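Visitor: I would like a close look at one residue, with the whole chain described around it. Please keep it plain.

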Amino acid sequence: MKRLALAALAAVLPVAAQAVPSVYPTGVTIYDPALAYNSYVVFGGTDHKTHLIDMNGHEVHRWEFAGFPSELLDPAVTGGKLGHVLVQLSTDERAGAGVVPNMPAEFRNRTIGELDWDGKTVWEWGEQAPGGAARQHHDWYRLANGNTLILANALHPIDGFKLPKILDDVIYEVTPDGEIAWQWAASDHIAEIFTKDELALVHNPASPDYLHFNDMTPLGPNKWFDAGDKRFDPENILVDSRNANFIAIIDRKTGKIIWQLGPDYPHVPPGTPLPHAVDQISGQHDAHLIEPGLPGAGNLIVFDNQGEGGYPPAPLGVNSGSRILEIDPVKKQIVWQYTAENSGRPGWTFYSSFISSARRLPNGNTLIDEGMNGRFFQATPAGKIVWEYVSPYFATSPVGATSTTPVLTNWVYRAQPVPYEWVPAGTPRSETAVEVK
């Protein structure tokens, strides 16, 4: 376990009085090897590098580029090759590349690609993209056929909007040769999602980034489709919109929205026992179906940030925090949730108003990335924290800055659990217990 003294950074960055402790631990702070699911974890840091760590927080491998997210690929989609990652390779420095103020370089990428274990580029895309830049953001997915689904942005005029140009969310399916085999644009389907009154607000956003999709993944094999519900075709695509508070399924054949959760949610009185209807989600991230073979398979899991979002903005609690929701997507009911209270803490002690992720693990634990604080932890179904890590990789970022003064942060967009067998044999790892003092 390492310790970071923010005061020591004064030579690099002036540090004023702070609302957080000036000295606090980084690295692994809690680890129970018997109760945790033991694996590697990969993530992109604000230092623009991709880090692979073991359960004791040791960096066991590094790539000199980061992704948004850094995604280590299942060997099943790389022809059995181990330790390949998707990352962003270059930034678009052309005038007008950054259209939303105070957004990091991750939103101005020009080329993206796949790196092997040694950091060699084995696939690259961007020059063939519309406008000569990938503009990938928030998500991507390597398909079994070798193609890559890419969530991207397109800046263009859209009929009905008051702003002259809008930052649209688009999805491309790109072949290994770089050709676009299929594409979809959110602006073609927003009338399928919102009421007339909501649509009037959507058409007049304060920012051109009107939806801000942060998730895009095929549904994959699931019990709902196996039982005959065609909406859950494994090839259909799940997306979610942080700024508009909805999660939706796109029909790959028609492009239409065929299932959605939100943006309108019922009121559920506090203390109502589970399962109950999904109540107000706001600013959510990382919605996906739990994979077959994992506890809760087929249910939807999502990091409900309880951050600002909605048309109109959703009401938020004064002292509440974020939560992880496991949802029956057919009944649209919450069947399990995690909040700080489950770990015996006040709700506000687990909170990330933006970014973040949640992944179900084979032993039933959930790996949670409290993104804005660079904190990952494993929680058991009962809420016991059995592994915790705080990223030591701090760097300056426009995210969180309110003036021309740069700020230091260790935010982490997404943390991915990586099975030991997905990387080359001989990669070091340790599993030494870390007890809370």
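Visitor: How many positive and negative side chains does the protein chain have, and how far apart do the centres of the two sets lie? After that, please take a close look at T427 and describe where T427 is placed.

Guide: This is a predicted model. The protein chain carries 49 negative and 32 positive side chains, and 2 Å separates the centres of the two sets.

As for the fold, the protein chain contains 29 strands and 2 helices. Its C-alpha trace spans about 55 × 50 × 50 Å along the principal axes. The radius of gyration is 21 Å, which agrees with the value near 22 Å that a compact globule of 437 residues would have. Of the contacts between residues at least 6 apart in sequence, 57% join residues at least 24 apart.

The surface can be put in numbers too. About 18600 Å² of the protein chain is exposed, and 54% of that area comes from carbon and sulfur atoms. Buried residues make up 57% of the 437.

Now the residue itself. T427 sits in the segment that follows strand 29, which covers 416-418. Its relative accessible area is 11%, and the cut-off for buried is under 20%, so T427 counts as buried. A polar atom of the T427 side chain lies 2.7 Å from the backbone oxygen of P424. Beyond the neighbours within four places in sequence, T427 is in contact with Y40, V60 and W117.

In short, T427 is a buried residue in the segment after strand 29, with its side chain placed 2.7 Å from the backbone oxygen of P424 by way of a polar atom.

Conventions. Residues are numbered from 1 along each chain as its sequence is written. This is a predicted model: local features need pLDDT of at least 70, side-chain atom pairs count only at pLDDT 80 or more; totals for chains, interfaces and linings use all residues. Side-chain values use heavy atoms; hydrogens and water are left out. Helices (H or I, at least four residues) and strands (E, at least two) are DSSP runs, numbered from the N terminus. The radius of gyration is taken over C-alpha atoms; the globule rule is 2.2 Å times the number of residues to the power 0.38. Buried means under 20% relative accessible area, exposed over 50%, partly exposed in between (1.4 Å probe, protein chains only). Contact means heavy atoms within 4.5 Å. Accessible areas come from the Shrake-Rupley method with a 1.4 Å probe; for residues, only the protein chains shown count as cover. Lys and Arg count as positive and Asp and Glu as negative; His and the chain ends are not counted. The place of a charge is taken as NZ of Lys, CZ of Arg, CG of Asp or CD of Glu. A polar contact is a pair of N or O atoms within 3.5 Å; within protein, one must be able to donate a hydrogen and the other to accept it, and residues adjacent in sequence count only if both atoms are side-chain atoms.
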